[in-house]
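Colleague: I should like to go through this model with you, beginning with its sheets and ending with some single residues. May I put my questions in turn?

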Amino acid sequence: MIIVTAGHVDHGKTSLIQALTGTDADRLPEEKKRGMTIELGYAFMNVIDDQRLAFVDVPGHEKFINTMLAGVSCAKHALLIIACDDGVMPQTTEHLAILQLLNLENLIVVLTKQDRVDSSRVEAVKVQVTELLQQYRRQSPIYVVSALTGAGIPALSQAIKLLALTQVNALSQLSLQTSFRMAIDRVFTVKGAGLVATGTVISGQVSEGQSLYLSKQSKAVKVRTLHSQGQVSCLAHSGQRVALNLTGVNQHSGAQRGDWLTALAPMAAPKVICGVLDSCLPFKHWQSVQIHLANSHTTARIGLLEILPNNQALIELQCEQALPCVEQDRIIVRDAAAKITLGAMRVLDISPLKRGKRSPERLSYLSKLKDCTTITASLQAQIAEHCVAKSDFMWANQLSGQHDALLHNKEVVEVAGYLLSPQLNTHIEAQLLALISDYHHASPELLGLTINRLQRMTHGQYPLAVLIYISDKLCLQKRLHCTRGQLHLPRHNLALSDNEQQLWLLIKQQMLMARGPLWSSELAAGHHLDLSVVRQLCRKLIQLGYISAIIKDRYVLTENLYFYANVIREQINIHGEIKIADFNSIIKLGRKVSIQLLEFYDRSGLTWRKQKDNSRVIKDSSVFILSDLAEEHRS
């Protein structure tokens with residue numbers, strides 16, 4: 001467990017930590033010289049034999065607010081420290097506001113420097129504090145202590161230890177459900193050991209010898225040894241301070257404060273983030289702000305999506321630099337001059353849409369996510385409307401493999417690496433059937449639709465892998481048929497009319513006599529037909545598989561394509577390759593037709609053209625096999 005300090009400068013935060021733990025958290029010479037905390041300090045307290053809690057001491061001066069934010073951004077428990085002689089001061093209020101925005105679980109108020117004032121002053125400060133807490137609708141125990149005389153320290157220490165004991169089981173259980181994630185706040189080198197990175201474990205657990213991922217390098221690093229809560233350990237979990245001795249860190253980029261360590265291979269950090277903002281001060285659309293997440297900090301602009309009741313708003317942050325956040329992270333938002341805190345945003349979506357950001361459907365979806373308080377509820381809200389990539393969801397919620405069971409229940413359908421609800425699965429099936437049915441009514445002379453065209457007709461709403469899976473299932477259920485790669489309803493059979501059948505026999509005879517490809521204009525002139533009639537018939541013949549277009553408006557019998565493919569295969573088997581001149585000397589249809597045919601086979605995947613000498617070699621010998629040609633397509 002970790003407890004952070006908060007409060008105005010010179011209110012005795014560091015002295016209180018020293019009185020509780022015996023450790024002076026100010027370690028820098030400059031801090032000793034100036035008598036004030038500048039950097040984050042750390043100290044540890046024994047709770048029971050095998051349990052320790054950590055204190056994070058933050059600076060109270062307004063100039064070091066960025067450092068304070070780095071220290072408290074992942075805090076769940078805090079000590080708000082107020083000096084009895086000064087009472088409530090500006091940074092007291094600001095620090096409390098920040099802690100409130102971070103959804104703090106436990107707050108203990110400590111009135112320090114009791115030895116400097118009389119009892120009436122103590123009571124007056126208690127009244128001040130009570131009024132301040134009421135502003136934020138918080139209730140908190142108040143302890144009066146003196147770090148100099150030790151008055152009140154035992155009672156405060158006992159209260160802190162009791163709080164720590166109540167958190168032990170909850171933290172260890174939570175660690176099993178989530179994957180390891182840590183924000184690095186300090187990096188240094190130890191002689192004989194190498195690079196050491198310290199930080200607070202936000203989620204999951206880490207063990208000695210485990211492989212982790214550093215946010216700015218793709219190759220995994222390894223934990224050689226670790227310290228947890230200031231002691232040598234072989235395991236650490238969420239809510240603990242750790243120091244990790246890492247190997248495999250890139251020597252050029254290295255590791256530094258603001259980097260992240262994760263057990264899951266990281267996705268590209270987002271620069272656009274959607275969430276709900278709990279605001280404590282007014283803000284404007286497209287206002288420039290500074291945002292803070294753990295030790296990461298960047299500038300951004302606020303895109304207002306919708307104003308909500310209770311000082312909330314759905315917003316989109318357009319970040320100048322990518323911010324490695326996940327869902328449910330809380331990002332502190334401050335004004336551009338870093339003078340005041342505007343609020344905190346709870347992350348709802350790290351892969352937002354580029355268009356339709358303020359559409360009613362989008363805003364309704366974000367509102368549903370806002371109301372989700374558990375991962376299960378969030379998953380149900382997402383898969384009800386979208387096909388969610390499983391790997392993306394696991395990363396966005398930092399789920400460990402042990403918590404993968406969450407995704408395997410009757411309310412979740414897993415399809416080709418995507419998650420969707422049974423209701424959405426049924427909706428997609430109905431949508432595909434409706435699209436194909438409408439297409440049959442609009443174009444009865446055409447056979448059907450390819451799966452790629454169906455995806456375009458759904459406006460890319462669903463991943464291709466999901467559509468392929470669902471269409472295959474519909475074919476197995478006999479609700480769809482697939483003929484030559486085109487999907488159609490079982491009742492829809494493409495057939496030639498009597499008149500079209502007669503024209504086809506004439507065209508087929510003309511093609512057999514020509515022995516090679518013919519232009520549509522040649523087919524029309526040969527039978528005194530209108531060119532548009534011939535083109536429409538040829539499109540239907542292509543659907544039926546009787547002919548193929550080697551280029552636009554030039555057609556060849558399908559059986560001839562299989563015959564020429566067999567010629568190419570035989571020549572390449574003998575000579576290792578086939579050239580245009582060799583192919584032309586065999587089929588004797590002219591160089592131009594030979595080139596068109598060979599380029600058609602290149603596009604179809606049978607051959608591959610060598611750029612050096614313009615010859616062809618086999619790319620995929622499994623296509624255009626003569627024995628696969630249906631009897632109905634043979635002469």
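Colleague: In which sense do strand 1 and strand 4 pair?

Modeller: The model is a predicted one. Strand 1 covers residues 2-6 and strand 4 covers residues 77-83, with 3 bridges between them. One bridge sets T5 against its partner L79 in strand 4. The sense of the pairing of strand 1 with strand 4 is parallel.

Colleague: Which strands stand at the edges of the open sheet of 6 strands?

Modeller: The order of the open sheet is 2-3-1-4-5-6, and its pairing is mixed. An edge strand has a single partner strand, so one side of it is left without a neighbour in the sheet. From one strand to the next, the twist averages 25°. The strands at the edges are strand 2 (41-48) and strand 6 (142-144).

Colleague: At what angle to strand 5 does helix 5 run?

Modeller: Helix 5 comprises residues 119-135 and lies across strand 4, strand 5 (106-112) and strand 6. Its angle to strand 5 is about 155°.

Colleague: What is the strand order of the closed barrel?

Modeller: The barrel has 6 strands, paired in the antiparallel sense. Direction ignored, its neighbouring strands are turned against each other by 45° on average. The barrel runs 16-19-18-17-20-21.

Colleague: Which strand of the barrel does helix 3 meet at about 165° in direction, and which does helix 4 meet at about 15°?

Modeller: Helix 3 packs on the barrel sheet and touches strand 17 (288-293), strand 18 (296-308) and strand 20 (330-335). Helix 4 packs on the sheet as well, touching strand 16, strand 20 and strand 21. The angle of about 165° is made by helix 3 with strand 20, and that of about 15° by helix 4 with strand 21.

Colleague: How many residues of strand 16 are buried?

Modeller: Strand 16 (residues 272-279) is joined to strand 19 (residues 312-319) by 7 bridges and to strand 21 (residues 341-349) by 6 bridges, running antiparallel to it. Strand 16 is largely enclosed by the rest of the structure, because the buried residues number 7 of the 8.

Colleague: Which residues stand opposite G275 in strand 19 and strand 21?

Modeller: Strand 16 runs antiparallel to strand 19, and another bridge pair of that kind sets I273 against L317. For G275, the residue opposite in strand 19 is I315, and the bridge partner in strand 21 is V347.

Colleague: Which handedness has the crossing of helix 3 and helix 4?

Modeller: Helix 3 (residues 65-72) packs against helix 4 (residues 90-101) at about 35°, the axes being 11 Å apart. I65, M68, L69 and V72 of helix 3 meet E94, H95, I98 and L99 of helix 4. By class, this contact has 6 nonpolar residues, 1 polar and 1 charged. The crossing of helix 3 and helix 4 is right-handed.

Colleague: How is helix 13 oriented to helix 15, roughly perpendicular or roughly parallel?

Modeller: Helix 13 (residues 498-514) and helix 15 (residues 531-544) have axes 11 Å apart and an angle of about 85°. Angles from 65 to 115 degrees count as roughly perpendicular. Helix 13 is therefore, with respect to helix 15, roughly perpendicular.

Colleague: How many charged residues has the contact of helix 13 with helix 15?

Modeller: From helix 13, E500, L503, W504 and I507 take part; from helix 15, L537, K540 and L541. The contact has 5 nonpolar residues and no polar ones. The number of charged residues is 2.

Colleague: Is S520 buried or exposed?

Modeller: S520 is found in helix 14 (residues 520-526). Beyond its neighbours within four places in sequence, S520 is in contact with L531, V534, R535, D553 and Y555. The relative accessibility of S520 is 3%, so this residue counts as buried.

Colleague: What separation have the C-alpha atoms of T607 and R569?

Modeller: T607 lies in strand 30 (residues 607-609) and counts as buried because its relative accessibility is 1%. Neighbours within four places in sequence set aside, its contacts are I568, L598, Y601, D602, R616, V617 and K619. Although T607 and R569 are 38 residues apart along the chain, their C-alpha atoms are separated by 9.2 Å.

Terms used:
Residues are numbered from 1 along each chain as its sequence is written. This is a predicted model: local features need pLDDT of at least 70, side-chain atom pairs count only at pLDDT 80 or more; totals for chains, interfaces and linings use all residues. Side-chain values use heavy atoms; hydrogens and water are left out. Axes are lines fitted to C-alpha atoms, for helices over the stretch in contact, and angles run from 0 to 180 degrees between N-to-C directions. Helices (H or I, at least four residues) and strands (E, at least two) are DSSP runs, numbered from the N terminus. Angles under 35 degrees count as roughly parallel, over 145 as roughly antiparallel, 65 to 115 as roughly perpendicular and the rest as oblique. Contact means heavy atoms within 4.5 Å. Ala, Val, Leu, Ile, Met, Phe, Trp, Tyr, Cys and Pro count as nonpolar, Asp, Glu, Lys and Arg as charged, and the others, Gly among them, as polar. A crossing is left-handed if the near helix is turned anticlockwise from the far one by less than a right angle, and right-handed if clockwise. Buried means under 20% relative accessible area, exposed over 50%, partly exposed in between (1.4 Å probe, protein chains only). Two strands pair if DSSP finds at least two bridges between them.
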